[in-house]
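The exercises below are meant to be worked through with the sequence and the model side by side. Each one sets a task and then gives a solution in steps.

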Amino acid sequence: MDQIHDAVRQQFSQHAEYYAQSKVHSEGETLGVLVDFAEPTGTEKVLDIATGTGFTAFAFAPKVAHVTATDLTPAMLDQAEALAGERGLQNIDFQVASAEALPFEDESFDLVTCRIAPHHFREVPQFLSETHRVLRPGGLFCMVDSVCPESEQLIEWQNRVEKLRDHSHVWGYPPSQWREMIEGTGFTIENEVHTHNALQPFSWWADRPGNSPERVRQIRAAFDELAPEEEPIFAIRRETGEFYFAWPMYCVKARKSTSS
Amino acid sequence: MGVPLSTQAQEISNELLEILACPACKGDIEYNQENQKLICIGQCRRRYPIRGGIPVMLIGEAETPTDET
């Protein structure tokens with residue numbers, strides 16, 4: 001295991017319960033966007049990459065034939081399996097796998113989903129190439145990730161803030177770079193939605209186990225660097241003693257060519 | 001009460017076996033129920049563990065043929 005994979009597994013092993021309870025991950029409107037993009041008919045074989053505690057897999061399972069859900073971190077899959085059991089979902093199976101080295105035959109799936117995870121991936125082009133490989137010709141790739149604004153300065157700022165808060169964060173891209181990488185892999189983009197995740201109270205978001213009070217102060221200070229005109233980009237809302245914010249989210253529907 | 005380990009262990013479905021491939025060499029995978037391993041029968045012959053019924057298909061956690069005793 002390399003350092004990034006180790007950091008990701010350590011981070012998510014410590015926080016599997018946090019993710020199982022996170023409203024951003026379980027109820028975010030981006031789940032609905034993905035289902036709308038995919039228009040499942042009930043016959044699809046789906047792969048959900050970096051399923052975490054399984055919320056995307058759970059949203060699709062009742063609407064498709066079968067969901068295969070993968071994640072790098074066994075503790076996340078343990079939570080996912082327990083939650084699937086509680087919900088009575090039986091058409092999901094789980095594998096520990098890396099997004100950059102998928103353990104599946106070529107053209108195995110009709111639909112690949114991946115939600116709020118690629119900013120933890122070490123090699124995004126390799127993840128996209130693996131996704132393309134395991135999709136059948138004409139298959140769909142539907143992805144959501146937190147993204148940065150189209151500004152070099154804010155790309156640097158947002159990635160610095162994310163890494164301060166969570167050392168398993170690798171890199172957040174702006175939508176233009178996602179578009180370039182997805183099309184460069186051979187997909188045709190059919191739809192895009194630009195939105196924000198649910199507003200999060202800063203203290204709940206920053207003050208997670210493992211982050212010292214000094215670290216939380218550093219992250220808060222980074223938010224204070226933003227110019228007033230930049231605050232709406234992150235939907236910042238200030239209240240006495242607390243502020244709320246949301247990261248921009250990019251939802252994309254891309255299709256593999258039928259002739260490959 | 002003398003139930004063989006192989007029947008206690010969770011089954012790996014044929015459907016899953018059909019689509020599983022080695023993450024390293026993309027070779028076909030064979031299920032060894034007795035040892036609860038998924039074995040690459042392609043080029044690299046890596047052996048992937050199954051823990052708690054969940055296949056661990058990570059190159060870094062596989063046994064390679066040189067690990068064999």
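A disulfide is counted here as a pair of cysteine sulfur atoms within 2.5 Å. The model is a predicted one.

**Exercise 1. Find how many disulfides the structure holds, and examine the cysteines C25(B) and C44(B).**

Step 1. A search over all chains of the whole structure returns 0 disulfides.

Step 2. For C25(B), which takes part in no disulfide, the nearest cysteine sulfur belongs to C40(B) and lies 3.5 Å away. C25(B) is partly exposed, its relative accessible area being 24%.

Step 3. For C44(B), the closest cysteine sulfur is that of C22(B), and the separation of 3.4 Å is too far for a bond. C44(B) is buried, with a relative accessible area of 16%.

Step 4. Since a disulfide needs the two sulfur atoms within 2.5 Å, neither the 3.5 Å from C25(B) to C40(B) nor the 3.4 Å from C44(B) to C22(B) is counted.

**Exercise 2. Describe the fold of chain B from its elements, and state which strands stand at the edges of its sheet.**

Step 1. Chain B contains 2 helices and 4 strands, and read from the N terminus its elements follow the order α-α-β-β-β-β.

Step 2. The 4 strands make an open, antiparallel sheet in the order 1-2-3-4. Strand 1 (29-32) and strand 4 (54-55) of chain B are at the edges, and because each has a single partner strand, one side of each is left without a neighbour in the sheet.

Step 3. Strand 4 of chain B pairs with strand 3 (residues 47-51) of chain B through 2 bridges in the antiparallel sense, and R51(B) has I54(B) as its bridge partner in strand 4 of chain B.

Step 4. Of the 69 residues in chain B, 41% are buried. Among the contacts in chain B with a separation of 6 or more, 21% come from residues 24 or more positions apart.

**Exercise 3. Characterise the interface between chain B and chain A, and identify the side chains that meet in a salt bridge.**

Step 1. On the side of chain B, 18 residues are in contact with 24 residues of chain A.

Step 2. The two chains bury about 1,500 Å² between them, and carbon and sulfur atoms give 59% of that area. The residues of chain B that lose the most area to chain A are I19(B), I54(B) and L58(B), which together account for 39% of what that side buries.

Step 3. The count between the chains is 1 salt bridge, in which the side chains of K26(B) and E130(A) meet at 2.7 Å, N to O.

Step 4. E130(A) is also one of the buried residues of helix 7 of chain A. In that helix (residues 124-134), 8 of the 11 residues are buried, and the elements that these buried residues pack against include strand 1 (45-49), strand 5 (135-146) and helix 9 (175-184) of chain A.

**Exercise 4. Decide whether strand 2 of chain A is enclosed or open to the outside, and follow its pairing with strand 1 of chain A.**

Step 1. Strand 2 (residues 66-71) of chain A has 6 of its 6 residues buried, so the strand is largely enclosed by the rest of the structure.

Step 2. In a regular strand, side chains alternate between the two faces of the sheet. Here H66(A), T68(A) and T70(A) point one way, while V67(A), A69(A) and D71(A) point the other way, and all are buried.

Step 3. Strand 1 and strand 2 of chain A run parallel and are joined by 4 bridges, with K45(A) standing opposite H66(A).

**Exercise 5. Lay out the sheet of chain A that has the strand order 7-9-8, and place the helix that packs on it.**

Step 1. The sheet is open, has 3 strands and is paired antiparallel. Its edge strands, each pairing on one side only, are strand 7 (200-201) and strand 8 (237-239) of chain A.

Step 2. Strand 8 of chain A is joined by 3 bridges to strand 9 (residues 242-245) of chain A, where F243(A) is the bridge partner of R238(A).

Step 3. Helix 11 (residues 213-224) of chain A packs on this sheet by touching strand 8 and strand 9, and its direction makes about 70° with that of strand 9.

Terms used:
Residues numbered from 1 in each chain as written. Chains lettered and ligands numbered in written order. Predicted model: local features only at pLDDT ≥ 70, side-chain atom pairs only at ≥ 80, totals over all residues. Heavy atoms only, no water. Buried < 20%, exposed > 50% of the residue type's maximum accessible area, 1.4 Å probe, protein only. Pairing = 2+ DSSP bridges. Contact = heavy atoms within 4.5 Å. Axes fitted to C-alpha atoms, helices over the stretch in contact; angles between N-to-C directions. Buried area = accessible area lost by both parts, 1.4 Å probe. Salt bridge = Lys/Arg side-chain N within 4 Å of Asp/Glu carboxyl O.
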